[in-house]
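Visitor: Hello! Could you walk me through this model, with an eye to its open and enclosed spaces?

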Amino acid sequence: MTTARRDTYTPETLLSVAVRVFNERGYDGTSMEHLSKAAGISKSSIYHHVTGKEELLRRAVSRALDGLFAILEEPGAVRGRAVERVEYVTRRTVEVLIAELPYVTLLLRVRGNTATERWAMERRREFDHRVAELLGAAAAEGDLRSDVDIRLATRLLFGMINSLVEWYRPHPDQTERDQLAETVAHLAFDGLRKAR
């Protein structure tokens with residue numbers, strides 16, 4: 001007697017598979033057939049959970065963006081001197097990147113070829129702009145070197161943080177993850193802080 005195979009995928013597990021395939025093949029290079037094979041389910045089973053691959057992309061990049069924007073509402077990001085807040089945001093951004101590595105990797109690789117990608121890129125720019133405002137406030141408060149261009153510092157800061165997706169591999173040791181966030185903050189702000 002043959003039993004029919006049951007679709008045991010949930011929207012969350014399907015999303016996880018889709019993110020892995022998008023990161024391996026690129027979003028444009030991924031078909032529903034690729035997703036179906038990677039998940040081990042039929043294409044019709046995928047459509048039971050989502051309307052198509054663009055919905056999967058939007059859910060994935062939303063997860064990354066929601067994590068980043070949530071940082072900006074945390075007490076450490078809204079209280080205290082601007083330099084302390086931007087250092088906090090920097091550490092937390094690294095922590096979110098590590099915790100949501102596949103999702104943030106996908107977010108950083110979108111190129112603007114679809115409406116969802118353009119939306120994600122606009123949200124990323126908004127996040128970057130909010131951090132740049134914090135850096136500007138820290139400079140205005142006299143806590144950052146006056147000879148450093150804030151826009152350039154913002155780009156370099158995010159360049160350093162975003163490069164983690166290219167080389168960082170998850171490690172079960174929480175101490176290592178905390179140390180990475182601390183190291184990024186020290187490297188950035190030891191160079192940006194005004195000498196006392």
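Here are some questions and answers about the fold, a helix pair, a cavity and a pocket.

Visitor: Which kind of element builds the protein, and how many helices are there?
Guide: Glad you asked, and please keep in mind that this is a predicted model. From the N terminus on, the elements run α-α-α-α-α-α-α-α-α-α-α. There are zero strands, and the helices number eleven.

Visitor: How far does the C-alpha trace span along its principal axes?
Guide: The span is given along the principal axes of the C-alpha trace. It comes to about 80 × 35 × 30 Å.

Visitor: Are helix 6 and helix 9 roughly parallel or roughly antiparallel to each other?
Guide: Their axes come within 10 Å and cross at roughly 30 degrees. Angles under 35 degrees count as roughly parallel. Helix 6 and helix 9 are therefore roughly parallel.

Visitor: Which residues make the contact, and is the crossing of helix 6 and helix 9 left-handed or right-handed?
Guide: Helix 6 contributes Thr90, Thr93, Val94 and Leu97, while helix 9 brings Leu157, Ile161 and Asn162. By class, this contact has four nonpolar, three polar and no charged residues. As for the handedness, helix 6 passes helix 9 in a crossing that is right-handed.

Visitor: What is the volume of the largest cavity, and which helices help to line it?
Guide: One cavity of 30 Å³ or more is found in the structure. Helix 6 (82–99), helix 7, helix 8 (115–140) and helix 9 (150–162) each supply at least two residues of its lining. The volume of this cavity is about 110 Å³.

Visitor: How many residues of each class are in the lining of the largest cavity?
Guide: Among the lining residues are Leu68, Thr93, Leu97, Phe127, Asp128 and Ile161. Thr93, Leu97 and Ile161 also take part in the contact between helix 6 and helix 9. By class, the cavity lining has two charged, two polar and eight nonpolar residues.

Visitor: Which helix gives the most to the lining of the largest pocket?
Guide: This pocket has a volume of about 180 Å³. Of its 14 lining residues, the closest to the centre are Arg20, Asn23, Leu101, Pro102 and Thr105. Helix 1 (11–25), helix 7 (101–109) and helix 10 (164–167) each supply at least two residues. With five residues, the one that gives the most is helix 7.

Visitor: How many residues of the lining of the largest pocket are charged?
Guide: The lining divides by class, with seven nonpolar and three polar residues. The charged residues number four.

Technical notes: Residues are numbered from 1 along each chain as its sequence is written. This is a predicted model: local features need pLDDT of at least 70, side-chain atom pairs count only at pLDDT 80 or more; totals for chains, interfaces and linings use all residues. Side-chain values use heavy atoms; hydrogens and water are left out. On a 1 Å grid over the protein atoms alone, a cavity is a set of points where a 1.4 Å probe fits but cannot get out, and a pocket is an open set with protein on both sides within 12 Å along at least five of seven lines; lining residues have an atom within 4 Å of a point. Grid points are joined across faces, edges and corners, and a volume is the space filled by probe spheres set on the points. Helices (H or I, at least four residues) and strands (E, at least two) are DSSP runs, numbered from the N terminus. Ala, Val, Leu, Ile, Met, Phe, Trp, Tyr, Cys and Pro count as nonpolar, Asp, Glu, Lys and Arg as charged, and the others, Gly among them, as polar. Axes are lines fitted to C-alpha atoms, for helices over the stretch in contact, and angles run from 0 to 180 degrees between N-to-C directions. Angles under 35 degrees count as roughly parallel, over 145 as roughly antiparallel, 65 to 115 as roughly perpendicular and the rest as oblique. A crossing is left-handed if the near helix is turned anticlockwise from the far one by less than a right angle, and right-handed if clockwise. Contact means heavy atoms within 4.5 Å.
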